[in-house]
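Grab a coffee and work through a few short exercises on this fold. Try each task yourself before reading its solution.

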Amino acid sequence: MDVMTDVLVIGSGIAALQASRFLGQHFQVQIITKSSVKMSSSYRAQGGIAAVTSQKDHPNFHIADTLTAGEYHHERRNVEILIENGTEIMRDFLTGGLEIDRQADGSPALGLEGAHSHHRILHAGGDCTGQVLIDYLLEQLTSNIVVNCNEMAYELLLNTDGDCIGVLTKGAKGMKRYLAHHVILATGGAGALYSCTSNFATNTGDGIALAYRAGATISDMEFMQFHPSLLWCEGQAKGLVSEAVRGAGGIFVDEHRHPIMKGIHEQLDLAPRHITAHALFNKRAARQKTYIDISSIVHFEEKFPTIAQLCSDNNVNLQDGLIPVAPGSHFLMGGVIADDMGRTSIPNLYAIGEVACTGVHGTNRLASNSLLEGITFGQRMAQYVIQTGCKQNNFFIADKTYKQIMPSLFTKNQLQQTMMHTLGIVRNPIDMQQLVQQLPSMQTLLHVDLDGLNLPELELYMMHTVATLMAHAAITRTETRGAHIRTDKLQNDKQWVNRWIIFQQGQMKVRNSLYEYHQARGNAQAIL
């Protein structure tokens, strides 16, 4: 079945919906989502949106906090765009009717989270910010936007000029081919490659695998952020306990109620995430249980209804004042290299949100900057596409013959357990080298014939593609930086400052900038 449209959006989180609400005013838009619209990391987001709305705060403070948390491994101009444009967009949302939590006097109730120097976190519904924001955006979608649920995109289509013109999907209704003037990746991250994660099981890095297979450039795949506080019950992660709980007075404690962060960092429980996550990792490695002590938070259930329900569902008695937690995978800083307009190295292919690497998060994302990224770059990309218009005339699909059969793979559970052990917070070079040898090669994965595979096989292929890129990047960066610690190199190495590990066409290289520009077809700039 063929579907022709103006704009194709793959994904349904905040970046996808923010872009679609603008694009739908001008074009026919088809949205493809792997599950349902409300099964995204955006919808699950508890913490809030970081934005400068107080006179005591300033964009320069927010920029500085972002750079510090990410250890200055950034594209500085894009960070400034994120903070400055994002603040303007949030102000438009507030005047446009987005319901947020407010003080008695009507002013925004601003929260504080890890590594932020000022109270600037906007919340909605206590800890339901993602739900409120997604519902707000869904209400604004026009009738010419079609949402296609339970379809998995598995192959980007390029024309004979090398432009992206569509995608192949599989779902309950079989295979479909979508053709469009513009194709947008907004598929989220890859947290579900790990056995302990805050992400939905569907967050398997599909967009990154799609883009890599099509020939787009990928970067920063070694930088997976681990959230320190996932609800931990019966040996499993059951969901996220927002950083806002610690902003409200919760503290990390061990099984004897001794504070964990005392003496580790001056910001204590609101230290950057890699520091708090590592501290909890060390406690758990020493076979000690770890908790958030919430006994000082008055009316906890009213302030955090989602977390309270999550605890109730898992038989955690909040009257004890302790929530059992453990660190787990949360947010991927790397992905498909995109500029501030979402443009990738493939013409007419865009990437926005967590699937994209724009250099705004560095080696460790600042808390609550992710929703801000989605609304900011989703809008900027949409505005660029609107200005560009639908000009594609070549819908002749380039002939590609894939002859490689699927190589030997881990089972899904095996891969998740192996990733948690090998590419978790603490990384051992010997284990990483073994993992690289066990995973399929980058070249092999590019040539696998996917057409005959069922949905679980396709997902496993995507997961192994992303895992291979992550493993090669992690073993190549021979230092500790940001979100992870290498046991053989416990400190930053100045030789790795402003060095980016880039993947394209089965090759890996290290270069001194995220972007390389060249003139392609007239005045258009492509990112390599």
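**Exercise 1.** In which sense do strand β3 and β6 pair, and over how many bridges?

*Solution.* Keep in mind that this is a predicted model. Start with β3, which covers residues 29–32. Its pairing with β6 is parallel and runs over 4 bridges. For a spot to look at, take V29, which sits opposite I145 in β6. As background, strands of a sheet pair through backbone hydrogen bonds, either parallel or antiparallel.

**Exercise 2.** Place that pair in its sheet: what is the order of the 5 strands, and which are the edge strands?

*Solution.* Reading across, you get β6-β3-β2-β10-β18, an open sheet with parallel pairing. The edges are β6 (145–148) and β18 (349–351), since each of them pairs on one side only. Now check the twist: neighbouring strands here are turned by 20 degrees against each other on average, ignoring direction.

**Exercise 3.** How many residues of helix α6 are buried, and what does the backbone do just after α6?

*Solution.* First, count with the cut-off for buried, under 20% relative accessible area. Helix α6 spans residues 206–214, and 9 of its 9 residues are buried. Among them are the charged-looking picks you might check by eye, D206 and R213, along with Y212. Next, step past the end of α6: G215 has a positive phi of about 110 degrees.

**Exercise 4.** How far does helix α11 reach from its first C-alpha to its last, and which residue follows α11?

*Solution.* Helix α11 runs over residues 370–388, which is 19 residues. At 1.5 Å a residue you'd expect 27 Å, and the helix reaches 27 Å. Then comes G389, with a positive phi near 80 degrees.

Methods
Residues numbered from 1 in each chain as written. Predicted model: local features only at pLDDT ≥ 70, side-chain atom pairs only at ≥ 80, totals over all residues. Heavy atoms only, no water. Helix = DSSP H or I, 4+ residues; strand = E, 2+ residues; numbered from the N terminus. Expected span 1.5 Å × (residues − 1). Buried < 20%, exposed > 50% of the residue type's maximum accessible area, 1.4 Å probe, protein only. Pairing = 2+ DSSP bridges. Axes fitted to C-alpha atoms, helices over the stretch in contact; angles between N-to-C directions.
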